[in-house]
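Ready for a few warm-up exercises? Have a look at the model first, then work through the solutions one step at a time.

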Amino acid sequence: MDDIWGGRGGGAKGAAFALVIGAGPAGLMAAEQIAAAGLRVLVAEQMPSPARKFLMAGKSGLNLTKDEPLERCLPAYGPRAEQLRPHIEAFGPAQLMAWAEALGQPLFTGSTGRVFPVAMKASPLLRAWLARLERDGAVLRRRWRWRGFEEGRFDFDTPGGPVTLSPGAAVLACGGASWPRLGSDGQWTRLVPADVPVHPFAPANAGLRVDWSTHMARHYGSPVKGGALLAGPHRHRGEFVISRRGLEGGGIYAMSRAVREGAPLHLDLLADLPVEAVHARLSSGPRKASTTAWLRRALNLTPAQIALVMEFARPLTRGPELAAMLKALPLRHDGLRPLEEAISSAGGLGWGALGPDLQLMDHPGMFAAGEMIDWEAPTGGYLLTASMATGRAAGRAAARLLEN
């Protein structure tokens, strides 16, 4: 390994080194913990540059986390909340914010509690992070594609030819299976030991496919605000957008799990009004007007909202049942957008294979972190928070193993 370090890192403890596979947020956070302990760490990234999905997410404003207490944060992780609890408890929103500010990135918190860098982009934070990792002695190798694993040896295809490494500890941070063009292609599922359970990937934080009638074309790009989405026991206040291909946006993404599990989706168009108030307004509205004018004047519905009503609820009747329908408009769709178009993925490496420190119980010295583990969360800072929290936990556990 001397040729890889090129003579640097002579003060590192011992000859053993750690390998991190994947240079996304989870992998870089794991490498940071190992390097900070004075240990040698090599990060192998299959793409030409690190953290491509992180950079893409930051193009529209990097939502780092959500500033809220642990007990409000954890429910976002659904059935995996308790598995993630100790890691987010140790490195949750407050710690993540302090970490970013220590990298020289001032932050601000929006009205909904979402936290962003003042620069809004991911690139300044990533540059500062990579520079600190290099100063601490971490080595990043690009275009290193993991090809196989056997008895503690990891095989890679690299620009210089095949390389086999035998690290003292390894952190797998290979990502999920969404946005494969950015590196998260899920191919690692063929490389982990055969006895490690891997649950099939499925789209999360994905839009809905809708085969619109022609009259909807004029509303493509229109936001739908002020409503609440309903799916099974779940209710979520959130904005979404009518697009050419269906329905997109944070409100829809938050219901991905429920929709994927088969719950019908409904929209409460008037989330701040009880059904009785909706009926009273309809009863006092201009009943001789056209249906569109009647809904607009009586309830102040927008053209986009009215278009959804006409798309999903015709033929309309003006009886008392209309108020109930407007409080639970059925949003018929053809399912979630494909996995490769989703913001994130559900599925991955099963929690049953992992110990409390994220070490694979049947494979000592091998740890897992980030979206390759089977958990999911809505957008809003929750994805990055858990990815970095698990990366930190796995990195610290790998460092402890090397130090002993």
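Contact here means heavy atoms within 4.5 Å. This is a predicted model, so local features need pLDDT of at least 70 and side-chain atom pairs count only at pLDDT 80 or more, while totals for chains, interfaces and linings use all residues. Residues are numbered from 1 along each chain as its sequence is written, and side-chain values use heavy atoms, with hydrogens and water left out.

**Exercise 1. Get an overview of the whole protein.**

Step 1: Start with the contacts. Among those between residues at least 6 apart in sequence, 70% join residues at least 24 apart.

Step 2: Go on to the secondary structure, where helices (H or I, at least four residues) and strands (E, at least two) are DSSP runs numbered from the N terminus. The tally is 14 helices and 21 strands.

Step 3: Take the dimensions. The C-alpha trace spans about 85 × 40 × 35 Å along its principal axes.

Step 4: Check burial, where buried means under 20% relative accessible area, exposed over 50%, and partly exposed in between (1.4 Å probe, protein chains only). Of the 404 residues, 55% are buried.

**Exercise 2. Describe the hairpin of S14 and S15.**

Step 1: Find the strands: S14 covers residues 228–231 and S15 covers residues 234–237. Two strands pair if DSSP finds at least two bridges between them; here four bridges join them, and they run antiparallel.

Step 2: Pick out a facing couple. Leu229 has His236 of S15 opposite.

Step 3: Look at the turn. Two residues sit between the strands, and Gly232 takes a positive phi near 60 degrees.

**Exercise 3. Sort out some aromatic pairs.**

Step 1: Set the rule. Rings of Phe, Tyr and Trp (its six-membered ring) pair if their centres lie within 6.5 Å; planes under 30 degrees apart count as stacked, over 60 as edge-to-face and the rest as tilted.

Step 2: How many aromatic pairs does a search of the whole structure find? It turns up nine.

Step 3: Try Phe149 and Phe154. Their ring centres are 4.8 Å apart and their planes are at 55 degrees, so this pair is tilted. Phe149 is partly exposed at 22% relative accessible area, whereas Phe154 is buried at 2%.

Step 4: Now take Trp188 and Phe201. With centres 5.9 Å apart and planes at 85 degrees, the pair is edge-to-face. Trp188 lies in the loop between strand S10 (169–172) and strand S11 (198–204), and Phe201 lies in S11, so the pair ties together parts 13 residues apart in sequence. Trp188 is buried, with a relative accessible area of 4%.

Step 5: Finish with a cluster: ring pairs link Tyr77, Trp375 and Tyr382.

**Exercise 4. Place Thr291 in the structure.**

Step 1: Thr291 belongs to helix H11 (residues 291–299).

Step 2: Is Thr291 buried or partly exposed? At 25% relative accessibility, Thr291 counts as partly exposed.

Step 3: List its partners. Leaving aside neighbours within four places in sequence, Thr291 is in contact with Met310, Leu316 and Arg318.

Step 4: Compare with Val139. The two are 152 residues apart in sequence and 66 Å apart in space, C-alpha to C-alpha.

**Exercise 5. Look for disulfides.**

Step 1: A disulfide is a pair of cysteine sulfur atoms within 2.5 Å. Searching the whole structure gives zero.

Step 2: Check two cysteines for burial. Cys73 is buried at 2% relative accessible area, and Cys174 also counts as buried, at 16%.
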